[in-house]
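Subject: A structure for you to explore

Hello! I am passing on a structure that I thought you might enjoy looking through. Please open it alongside this email and follow along.

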Amino acid sequence: MDSFLRLIEALHRRAVRFVVIGVAGANYYAGGGATLFTTRDRDLFLPADPANELAAWLACRDCGLELWAGDEPLGEPLDLWLAEQVVQRQALVQALDRRGLEVDLTLVMGDFEFSQVWNERRAFPVHGVDVPVARLSQIVQSKATAGMEKDRLFLATHREALARLIRENEP
């Protein structure tokens, strides 16, 4: 089992609510691998809930991951007060293993509310682990809303493949 799946298991053990989004999320819809998209990191969308945020950090620590906010360590102690500050600022926290695993813990997914994405998520079983993933159309829409150059390039480059995968996977 790879380190990302071990993290997903740890998040489940701590009852963390999250969904995989971004390019990594889109890859779950690619199925057999005929259409895989390259990405450097993995994005997890979490609700704006300090207790859930703290539980996610603890799951990351359970897996030996370092937590960063911007270009510095997140800070100690990992507690509810710190989680409240991160949630209030909608700050991005990164979990890194220094061997290639980079996971962004984000509280923002374009214009989507977490509850909507959570209620419409799809679970993909991978080696006995259920990986909760946002709907592909939501992932695509959030990338379009973000308007970042890398997102525009991704959407333009893969427009046809993404449209086909949405048709095949969503009602």
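Helices and strands here are DSSP runs, of at least four residues for a helix and at least two for a strand, and they are numbered from the N terminus. With that in hand, please keep in mind that this is a predicted model.

Let us begin in a loop. Proline 77 sits in the loop that joins strand 4 (72-73) to helix 4 (80-89). The peptide bond leading into proline 77 from glutamate 76 is cis, and its omega is near -5°.

Just along the chain is helix 4, which holds tryptophan 81. Is tryptophan 81 buried or exposed? Its relative accessible area is 56%, and exposed means over 50%, so tryptophan 81 is exposed. Leucine 54 is 27 residues away from tryptophan 81 along the chain, and the two C-alpha atoms are separated by 9.4 Å.

Now for the core. In soluble globular proteins, nonpolar side chains tend to be buried together. The largest nonpolar core of this model has 55 residues, and Leu11, Leu44 and Trp57 are those with the most contacts inside it. Which residues does tryptophan 57 contact, once its neighbours within four places in sequence are left aside? They are Leu67, Leu74, Leu78, Asp79, Leu82, Ala83, Val86, Val93 and Leu105.

Next, two loop residues with a backbone angle worth a look. Alanine 15 has a positive phi of about 55°, although it is not a glycine. You will find alanine 15 in the loop between helix 1 (3-13) and strand 1 (19-21). Its relative accessible area is 59%, so alanine 15 is exposed. Histidine 127 also has a positive phi without being a glycine, with a value near 50°. This residue belongs to the loop between strand 7 (122-126) and strand 8 (129-133). Histidine 127 is exposed too, because its relative accessible area is 68%.

The rest of my tour is about helix packing, with helix 6 in the middle of the story.

Start with helix 2 and helix 6. Their axes come within 9 Å and cross at roughly 150°. That angle is over 145 degrees, so helix 2 is roughly antiparallel to helix 6. The crossing of these two helices is left-handed. On the helix 2 side, the contact is made by Gly22, Val23, Gly25, Ala26 and Tyr29, and on the helix 6 side by Leu136, Ile139 and Lys143. By class, the residues of this contact between helix 2 and helix 6 are 5 nonpolar, 2 polar and 1 charged.

One residue from that contact deserves a closer look. Alanine 26 is part of helix 2 (residues 22-29). Its relative accessibility is 1%, and the cut-off for buried is under 20%, so alanine 26 counts as buried. How far apart are alanine 26 and isoleucine 166 in sequence and in space? They are 140 residues apart in sequence, while their C-alpha atoms are 9.8 Å apart in space.

Turn next to helix 6 (residues 136-146) and helix 7 (residues 149-157), whose axes come within 8 Å and cross at roughly 135°. This angle makes helix 6 oblique to helix 7. The crossing of helix 6 and helix 7 is left-handed. Val140, Lys143, Ala144 and Ala146 of helix 6 meet Asp151, Phe154 and Leu155 of helix 7 in this contact. The contact of helix 6 with helix 7 has 5 nonpolar and 2 charged residues, with no polar ones.

Leucine 155 is a good residue to click on in helix 7. With a relative accessible area of 13%, leucine 155 is buried. Not counting residues up to four places away in sequence, leucine 155 touches Val140, Lys143, Ala144 and Leu162. Leucine 155 and valine 140 are 15 residues apart in sequence, and 7.5 Å apart from C-alpha to C-alpha.

Finally, the axes of helix 6 and helix 8 (residues 159-169) come within 9 Å, crossing at roughly 145°. Leu136, Ser137 and Val140 of helix 6 make this contact with Leu162, Leu165 and Ile166 of helix 8. The contact of helix 6 with helix 8 divides into 5 nonpolar residues, 1 polar and no charged.

Happy exploring!

Definitions and conventions: Residues numbered from 1 in each chain as written. Predicted model: local features only at pLDDT ≥ 70, side-chain atom pairs only at ≥ 80, totals over all residues. Heavy atoms only, no water. Core = buried A, V, L, I, M, F, W, Y, C linked by side-chain atoms within 4.5 Å. Buried < 20%, exposed > 50% of the residue type's maximum accessible area, 1.4 Å probe, protein only. Contact = heavy atoms within 4.5 Å. Axes fitted to C-alpha atoms, helices over the stretch in contact; angles between N-to-C directions. Parallel < 35°, antiparallel > 145°, perpendicular 65-115°, else oblique. Left-handed = near helix turned anticlockwise from the far one by under 90°. Nonpolar A, V, L, I, M, F, W, Y, C, P; charged D, E, K, R; others polar.
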